[in-house]
Amino acid sequence: MAEKNEKETPSTSMVASLATPIAIVVAGVIIAGAVLYSNNFLGGKGATTGTATTELGSKYQKFIDLASEVGLNADQFGQCMDKFDASEVKDDIAEAGQYGANGTPAFFIGKSGNGSTYGVRIAGAYPFEAFKGVIDGLNEGDDQKIINSIGPDQAGNLPKSIAEISQQVSFGDDPVKGDPNAPITIVEFSDYECPFCKRHFKTTYPQLLSEYIDTGKVKLVFRDLPLPFHDPVATQAAVAANCAREQGGDEAYFKYHGEYFSRTQANGDGL
């Protein structure tokens, strides 16, 4: 599932962009297994008194080295990794299943509410134009613009209503990028080892950041959805990002998040 073997999504064609959601159907078939799998893989705890130089800490040395590069305290970060608290990740996986997020990346875009949003679903690494159409449609109250931006399903049919492609989604206790009071929220469920997630990060996220998030129009809530066939590294990366947040808040989280996505092979092999 290496990124180099995947067809790029043209940024100028809504129809061509559907190749990405089709390509991630495999993830949807087995995503339910992630919840069961997490009860075993994510339930264990590592040593509780380790440092960056312990035997267990060295298991996560690449994560620790990256933390040091982005200005975090390596020993403190190593101790956090040694504890390997994946409870936040498990919660995100469980809620993703409830929302029908059956693959990665999955997005829900809606007007900001009190800890949740009634979000329009985008399943896959769609081009920036799709996100722009949904955001602008929400701001303008133009349902047809939103529907046209999402495009037809695999059978070639457009949704008949916004309700068909929307879901009430909570923010959880997850990191936020942008103005907390922004009128529009994007909730993203993502896998740090997913090639499509990295594609979104490289091709669409920069424009979302510059045109909407950095301007205070939109905030991003990032939630974890590591897929079992990308584990153990995908879950380790999610825990590592949460360790960055534990030490430096949301700012440190997204700094680590950005560096990891920039460097990962995005195929389950990590950095």
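**Entry 1: positive phi values**

I began with phenylalanine 84, which is buried at a relative accessible area of 7%. I note that the model is a predicted one. Phenylalanine 84 sits in the loop between helix H5 (74-83) and H6. I looked up its phi and found a value near 45°, positive in a residue other than glycine.

I then turned to alanine 266, which is not a glycine either and has a positive phi of about 55°. Alanine 266 belongs to the segment after H11. Its relative accessibility is 0%, so I entered alanine 266 as buried.

**Entry 2: cis peptide bonds**

I recorded a cis peptide bond between threonine 104 and proline 105, with omega at about -5°. Proline 105 lies in the loop between helix H6 (87-98) and S1. I recorded another cis bond from aspartate 231 to proline 232, where omega is near 10°. The loop that holds proline 232 runs between strand S6 (218-224) and helix H11 (233-263).

**Entry 3: the chain as a whole**

I counted 11 helices and 6 strands in the chain. Of the 271 residues, 51% are buried. The accessible surface amounts to about 11,600 Å², and carbon and sulfur atoms account for 50% of that surface. I also checked contacts between residues at least 6 apart in sequence: 78% of them join residues at least 24 apart.

**Entry 4: aromatic pairs**

I found 15 aromatic pairs in the structure. For phenylalanine 108 and phenylalanine 189, the ring centres are 6.3 Å apart and the planes stand at 90°; the pair is therefore edge-to-face. This pair links distant parts of the chain, since phenylalanine 108 is in strand S1 (residues 106-111) and phenylalanine 189 in strand S5 (residues 184-190), 81 residues apart. Phenylalanine 108 and phenylalanine 189 are buried.

I next examined phenylalanine 128 and tyrosine 212, a tilted pair with 6.2 Å from centre to centre and 35° between the planes. Phenylalanine 128 is in helix H7 (residues 128-140) and tyrosine 212 in helix H10 (residues 205-213), so this pair ties together parts 84 residues apart in sequence. I noted phenylalanine 128 and tyrosine 212 as buried.

I also traced a cluster linked by ring pairs, made up of Phe63, Tyr192, Phe201, Tyr205, Phe222, Tyr253, Phe254, Tyr260 and Phe261.

**Entry 5: helices H7 and H8**

I looked up how H7 packs with helix H8 (residues 143-150): their axes come within 8 Å and cross at roughly 170°. Because of that angle, H7 is roughly antiparallel to H8. On the H7 side, the contact is made by Ala130, Gly133, Val134, Asp136, Gly137, Leu138 and Glu140; on the H8 side, by Lys145, Ile146, Ser149 and Ile150. I sorted this contact by class into 5 nonpolar, 3 polar and 3 charged residues.

**Entry 6: glycine 110 and serine 116**

I located glycine 110 in strand S1. Glycine 110 is buried, its relative accessible area being 0%. Apart from neighbours within four places in sequence, glycine 110 contacts Thr117, Tyr118, Gly119, Leu138, Pro183, Ile184 and Thr185. The C-alpha atoms of glycine 110 and proline 183 are 8.7 Å apart, with their positions 73 residues apart along the chain.

I closed with serine 116 in strand S2 (residues 116-123). Serine 116 has a relative accessible area of 18%; buried means under 20%, so serine 116 counts as buried. Beyond neighbours within four places in sequence, serine 116 is in contact with Lys111, Gln168, Val169, Ser170 and Phe171.

Technical notes
Residues numbered from 1 in each chain as written. Predicted model: local features only at pLDDT ≥ 70, side-chain atom pairs only at ≥ 80, totals over all residues. Heavy atoms only, no water. Phe/Tyr/Trp six-rings, centres within 6.5 Å; stacked < 30°, edge-to-face > 60°. Helix = DSSP H or I, 4+ residues; strand = E, 2+ residues; numbered from the N terminus. Buried < 20%, exposed > 50% of the residue type's maximum accessible area, 1.4 Å probe, protein only. Contact = heavy atoms within 4.5 Å. Areas by Shrake-Rupley, 256 points an atom, 1.4 Å probe, with all protein chains shown as cover. Axes fitted to C-alpha atoms, helices over the stretch in contact; angles between N-to-C directions. Parallel < 35°, antiparallel > 145°, perpendicular 65-115°, else oblique. Nonpolar A, V, L, I, M, F, W, Y, C, P; charged D, E, K, R; others polar.
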